[in-house]
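Got the viewer open? Let's take a walk through this one together, one selection at a time.

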Amino acid sequence: MAEAHIAVRELTMAYGSRVIQRDLSFDINRGDIFVIMGGSGCGKSTLLKHLLGLVEPAAGDILYAGDSFVHANANARDVMRRGWGITYQSGGLFSAMTLAENVELPLQLYTDHSPADRAAIIAYKLALVGLDGYQDFYPSEISGGMRKRAALARAIALDPDILFFDEPSAGLDPISSRLLDDLIVQIKESTGATVVMVTHELPSIFGIATNSVYLDAASKTMIAYGNPRELREHSDQPVVRQFLAREASTAAQEKTA
Amino acid sequence: MSQAQPAEFELQVEDRDSAVLTLRGDWVHGREHPDYRELRDELAVISAPELVVDCSALGTWDSVLMAFLLQCYNQCRDENIEFQPRELPEGVQRLLQVATAVQPYKPPAQRRRPWYARLHLGELLRDFLERSRETLAFIGEVSIALWKLLLGRSNTRFVDFRTFCYQAGPNAIAIISLTSVLVGMILAYLGAVQLRQFGAEIYVADLVVIGTLREMGVLMTAVVMAGRTGAAYAAQLGTMQTNEEIDAIVTMGVSPVEFLVVPRILALVVMMPLLTLYANLLGVIGGGIVAGGMGITPLMYMNEGEQALSLVHLNVGLLKSVIFGALIAVAGCRAGMNSGRSSAAVGEAATEAVVIAIVYLIIADAAINIIFQQVGI
Ligand SMILES: Nc1ncnc2c1ncn2[C@@H]1O[C@H](COP(=O)(O)OP(=O)(O)OP(=O)(O)O)[C@@H](O)[C@H]1O
Ligand SMILES: [Mg+2]
């Protein structure tokens, strides 16, 4: 098997002395759509921030294509980050820029396209998320779901290698979130990118995820790793099966009650 | 195919019924590729009802090709030409499907106004009146909220008031100390040079005491507080506006003026006189330092200064400080509450708060001085 695209090794995450999760070790392979699951507040966004280098780990290492990210210096990190596209839980769009300017910024920074080419690429990226024509709108002038999609358009501006999404489909209607799932799959298939996302949406977990990890808030570590469809049937952890089969959880509770 | 092929397109019009667009080569970022505008002009003149897009000779591709194809697709749709892909790579096909699933949004056409239209005098006046009206309305709201506070039916929280008092008072002591000592020294220098010509250096003490108490102590404090606290108020409220926090307060059934604005204004109005007293004291000391350097002993300085000191001068300064405090807080809060919902708008609000506050200060100071001059205080 090929070398893991992202490898997490014995990672312990803490804010100050408060440990959020400890001893996380897992691989994310190239071309995976990898989902980070878990109850609210278990540390999913925190794990994502560690993968992005926004928070330093308390212990452990994160490797990208075999190179340590944790021990890399600032320049090396910037080089690694060049191939990433990221959306944040609350959008992260620049509120003082129009959507076109938001998408244009990475193109301006890292490519030498002419202005006309940039405009064409912006139109294409916005069209992918169904927002062509909204170039001159400010983030405050569009809806929350549109903001999520605009953030996605900015994330894919440079055809990234790895895409990180924090709850991309939260707050979207079922049809849009289905379209978003399709889009993520299309982008992944056509560019071969690896996708790492935090999500609670069971339809998208089962629809598109190829691998996943479940973080448990009580034991403060990962308690399941693998394809979510298999975990639903065969996980030895009842919490994971309950999480993945929402209907069954009430049944399980009734049985124990 | 190791050698990169140049990207190019060719449009062949076979007969009246169909046209073929052939794409060849590697359409990737960092390579020369055709500009869509060339195709647009050619495409605009064909009359075929159908355009076949042939990609059988296409090499590698990325967003550059997709952007090109999407423009082509959109033009075809606008001109009712049927877009017929032939041998599109699987990925291109699917991405194009996603990108064209939703029709582009066409914003309603807007009449563009030339820049000089904005210099219209009537419009400027209307703008100014509109702003004044808004400010008056804001002051009205604040007054109502204050009245409610007096009646004890207000949603103002005492904890907030205390926090803002702390921010506006003790936290400002360091900067106020620095500015007021220096201003006292400057006053003394200015006066001493003139007074020495008459051999009346000793009156520097009078000049510093009266000048500081009536005017400079309070004015400098107010300017510092406008830059410090007024701007902070605008930025805080502006950020809350951006985060929809103010919407949340409104929908909780609480007036944002009572909840956010009143404690801020009260805190500044209460702290300003105290800061002014402190600034007065340090200003006089600063003047004394300079006077000492000119051969006036501290004792002489204090004696002379004491004669100049009167309750009237002190009270004039304190009255001004209350008024200035209210003006700074109103300017800051108004700018924040009316801020737009973006990071740039918050910055503008903070700037506006400081500029307006200083304009208010100078106008109010001049007006108060003129009135007192007339009444002879
Ligand atoms: N900046 C921070 N400083 C201190 N503690 C934090 C910080 N950010 C998050 N936490 C804590 O870390 C824990 C995990 O937070 P995190 O945001 O990662 O949760 P999450 O799994 O993403 O939850 P959700 O599904 O609600 O987004 C929480 O208990 C939170 O209190
Ligand atoms: Mg989160």
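**First stop: a glycine in a helix**

Select A:Gly145, and you land in helix α5 of chain A, which covers residues 144–155. Keep in mind as you look around that this is a predicted model.

Is A:Gly145 buried or exposed? Its relative accessible area is 12%, and since the cut-off for buried is under 20%, A:Gly145 counts as buried.

Now add A:Gly171 to the selection. It lies 26 residues from A:Gly145 along the chain, yet the two C-alpha atoms are separated by 6.0 Å. Which residues does A:Gly145 touch, once its neighbours within four places in sequence are set aside? They are A:Gly171 and A:Leu172, so show A:Leu172 too.

**Zoom out: all of chain A**

Next, select chain A and switch to a cartoon view. You should find 10 helices and 10 strands. Turn the C-alpha trace around: along its principal axes it spans about 65 × 40 × 40 Å.

How does the radius of gyration of chain A fit with a compact globule? For 257 residues, such a globule would come out near 18 Å, and chain A has 19 Å, which agrees. If you colour by accessibility, 56% of the 257 residues of chain A count as buried. As for contacts in chain A between residues at least 6 apart in sequence, 61% of them join residues at least 24 apart.

**Across the way: where chain A meets chain B**

Bring chain B into view and select the contact between the two chains. Chain A puts in 26 residues and chain B puts in 25. Together they bury an area of about 2200 Å², with carbon and sulfur atoms giving 64% of it. To see who does a good share of the work, pick A:Tyr124, A:Asp132 and A:Gln186: they supply 24% of the area that chain A buries against chain B, more than any other three residues.

Now show side chains for A:Glu189 and B:Arg94. They meet in a salt bridge, at 3.5 Å from N to O, and one salt bridge is what the rule finds across this interface. Polar contacts between the two chains come to seven residue pairs.

Which elements of chain A give two or more residues to this side? Highlight α4 (115–128) and α6 (174–191) to see them. Of the elements, α4(A) gives the most, with nine residues.

For a last look, colour the side of chain A that touches chain B by residue type: 12 nonpolar, eight polar and six charged.

Conventions
Residues are numbered from 1 along each chain as its sequence is written. Chains are lettered from A and ligands numbered from 1 in the order in which they are written. This is a predicted model: local features need pLDDT of at least 70, side-chain atom pairs count only at pLDDT 80 or more; totals for chains, interfaces and linings use all residues. Side-chain values use heavy atoms; hydrogens and water are left out. Contact means heavy atoms within 4.5 Å. Buried area is the accessible area (1.4 Å probe) that two parts lose on being put together, summed over both. A salt bridge is a side-chain nitrogen of Lys or Arg within 4 Å of a carboxyl oxygen of Asp or Glu. A polar contact is a pair of N or O atoms within 3.5 Å; within protein, one must be able to donate a hydrogen and the other to accept it, and residues adjacent in sequence count only if both atoms are side-chain atoms. Helices (H or I, at least four residues) and strands (E, at least two) are DSSP runs, numbered from the N terminus. Ala, Val, Leu, Ile, Met, Phe, Trp, Tyr, Cys and Pro count as nonpolar, Asp, Glu, Lys and Arg as charged, and the others, Gly among them, as polar. The radius of gyration is taken over C-alpha atoms; the globule rule is 2.2 Å times the number of residues to the power 0.38. Buried means under 20% relative accessible area, exposed over 50%, partly exposed in between (1.4 Å probe, protein chains only).
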